[in-house]
Amino acid sequence: RLLALSLPPLAFANVCNGYFTACRSAYKNAILGITCECVRMGTSILLLRLWLHRGTQYACLALAGGNCAAEVSDALLCAILLIYARRSERRKAHSRTNTAQTTAGVTRRLLRVSLPIACTAYVRSALLTLEHILIPLGLRQSGDSAAQALAAYGTVHGMVLPAILYPMAFLSAFAALLVPELAEGLEMSEDARVLTVRLDANATTGYSWTYEINNGIGVCGVFLCCAPLLGHVLYDSQQAGYYLHALGILTPLMYLDHIVDAMLKGLDEQLASMRYNILDAALCVLAVYFLLPRFGIRAYLWILIGSELFNLSLSVSRLLRVVRMPLHPIRQIALPVLCSVAAQYVACGIMHFCEKLFSYGFWSLFFLVCTSLTVYTAFLRLCGCIGVEDLAVFCRLFRKKDKPQRRNAHRILPHF
């Protein structure tokens, strides 16, 4: 009941976050995110101190109360920022007639996109819920006890996957900024299916593709090389290190799939992306139901890898049909892989030379990761995998657009 109260402010905050992103006001989303997390942690800690002695039920209630307070504060702050943005925009508006013409048919266009996405999202959420229910049951049928099944499930979803997804925090912001960038290119193109007129959008797509592959391969090398140390430092668990090493190959696949989904949304192909996600979720449910009771947790690891490969192949094939994007397998895949392998050898050699300066703990892990990523970036630059033009396109996404272009985005909510 308490979490249900947070749904209306959560929906309003999500709408405002998308609005600010479309207006190239990413700093507002950053302020909202930091404020929301601070309120969540502060409220949760305060309630836990007051109620923890009453038992586990009150502890869970304290966490739910902190989440609810965070969502309400986020919605209030969104409303303040939105009112301020609307007032500043009204001073620059040409006239009420021009605004009315610009906003004609906005509701119909929004419903045309949002309703199918909402329906498919509900179906996918139901399939994912069913999958997560079947996983512990399948692990128990494979011979594990209830405690072992829940422990393995918790290790993968509560320890390993959050660690793998952590480097994607910055990439998620980058992907969110790609949506309005590509949508603008699609709107300015004469052909709604192939962006040949809007060459700028083609360049953005190609550079984003290259950046995401380079980033994913570099992080994958770190996970494959540092998995035992990561498991020891982060969780003091040898099993977590084993799973991190097994699922490290997922990082380039997951990161690239995330950025490709963002590209498809910006190119008005969100329905195709949702179809692929539903098909992928349905196949995962079937695989979990039939394979987990027979092969156990190893089958689930292979299901995760196969699911990402399947989803990524469908999304990439769709993207290549929509956008004429040149592919360079040697420059975009082979050279980054070689650079990553060489960077891990160099980083491990430096770490072995300086092992007396660090104990087997956090600082050794920090030094190894920083050294690996620095050497990897240097190798990419030396091999020509990244250039000045890549950095220029990347930095452009974080700049504010000119005022005439931002004004059209503000007219989506003229009567707020």
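# Why the labels fit

Biologist: Where is Asp236 found?

Modeller: Asp236 sits in the loop between α8 (199-235) and α9 (238-247). Bear in mind that this is a predicted model.

Biologist: Why is Asp236 called exposed?

Modeller: Its relative accessible area is 60%. Exposed means over 50%. Asp236 therefore counts as exposed.

Biologist: What is the phi of Asp236?

Modeller: Phi of Asp236 is positive, about 50°, although this residue is not a glycine. Most residues other than glycine have a negative phi.

Biologist: Where is Asp268, and what is its phi?

Modeller: Asp268 lies in the loop between α10 and α11. Its phi is near 65°, again a positive value in a residue other than glycine.

Biologist: How do you know whether Asp268 is buried, partly exposed or exposed?

Modeller: Its relative accessibility is 35%. Buried would need a value under 20%, and exposed one over 50%. Asp268 falls in between, so it counts as partly exposed.

Biologist: Which residues meet where α10 and α11 pack?

Modeller: Asp261, Leu264 and Lys265 in α10 meet Gln270, Ser273 and Asn277 in α11.

Biologist: What makes α10 and α11 oblique to each other?

Modeller: Helix α10 (residues 250-266) and helix α11 (residues 270-295) pack at about 140°. Their axes are 7 Å apart. Roughly antiparallel needs an angle over 145 degrees, and roughly perpendicular covers 65 to 115. The angle here fits neither class, so the pair is oblique.

Biologist: How many salt bridges does the structure hold?

Modeller: It holds three.

Biologist: What makes Glu37 and Arg40 a salt bridge?

Modeller: Their side chains meet at 2.7 Å, N to O. The cut-off is 4 Å, so the pair qualifies. Both residues belong to helix α2 (residues 26-51). They are three residues apart, therefore separated by about one helical turn.

Biologist: Are Glu37 and Arg40 buried or partly exposed?

Modeller: Glu37 has a relative accessible area of 39%, so it is partly exposed. Arg40 is at 18%. Buried means under 20%, so Arg40 counts as buried.

Biologist: How do you know that Glu71 and Arg40 form a salt bridge?

Modeller: The N to O distance is 3.1 Å. That is within 4 Å, so the pair is a salt bridge. Glu71 lies in helix α3 and Arg40 in helix α2, so this bridge ties together parts 31 residues apart in sequence. Both Glu71 and Arg40 are buried.

Biologist: What about Arg318 and Glu269? What makes them a salt bridge?

Modeller: Their side chains meet at 2.8 Å, N to O. The limit is 4 Å, so they form a salt bridge. The two residues are 49 apart in sequence, with Arg318 in helix α12 and Glu269 in the loop between α10 and α11. Both are buried.

Biologist: Which residues do shared partners join into one network?

Modeller: Glu37, Arg40 and Glu71 are joined by salt bridges that share partners.

Biologist: Where is Asp74, and what is it in contact with?

Modeller: Asp74 is in helix α3 (residues 56-90). Beyond its neighbours within four places in sequence, it is in contact with Ala13, Leu32 and Cys36.

Biologist: Why does buried Asp74 have no salt bridge?

Modeller: The nearest side chain of opposite charge is Arg40, at 7.2 Å. A salt bridge must be within 4 Å, so Asp74 has none.

Biologist: Why is Cys23 called buried?

Modeller: Its relative accessible area is 1%. Buried means under 20%, so the label fits. Cys23 is in the loop between α1 (7-22) and α2. Leu177 is 154 residues away from Cys23 in sequence, but 9.9 Å away in space, C-alpha to C-alpha.

Biologist: Which residues touch the most other members of the largest nonpolar core?

Modeller: Val156, Trp209, Leu247 and Leu319 do, in a core of 72 residues. Helix α12 (residues 297-322) gives the most to this core, with 11 residues. A second, separate core has nine residues, including Cys16 and Tyr19.

Biologist: How many helices and strands are there in the whole protein?

Modeller: There are 16 helices and zero strands. Of the 416 residues, 44% are buried.

Conventions: Residues numbered from 1 in each chain as written. Predicted model: local features only at pLDDT ≥ 70, side-chain atom pairs only at ≥ 80, totals over all residues. Heavy atoms only, no water. Helix = DSSP H or I, 4+ residues; strand = E, 2+ residues; numbered from the N terminus. Buried < 20%, exposed > 50% of the residue type's maximum accessible area, 1.4 Å probe, protein only. Lys, Arg positive; Asp, Glu negative; His and termini not counted. Contact = heavy atoms within 4.5 Å. Core = buried A, V, L, I, M, F, W, Y, C linked by side-chain atoms within 4.5 Å. Axes fitted to C-alpha atoms, helices over the stretch in contact; angles between N-to-C directions. Parallel < 35°, antiparallel > 145°, perpendicular 65-115°, else oblique.
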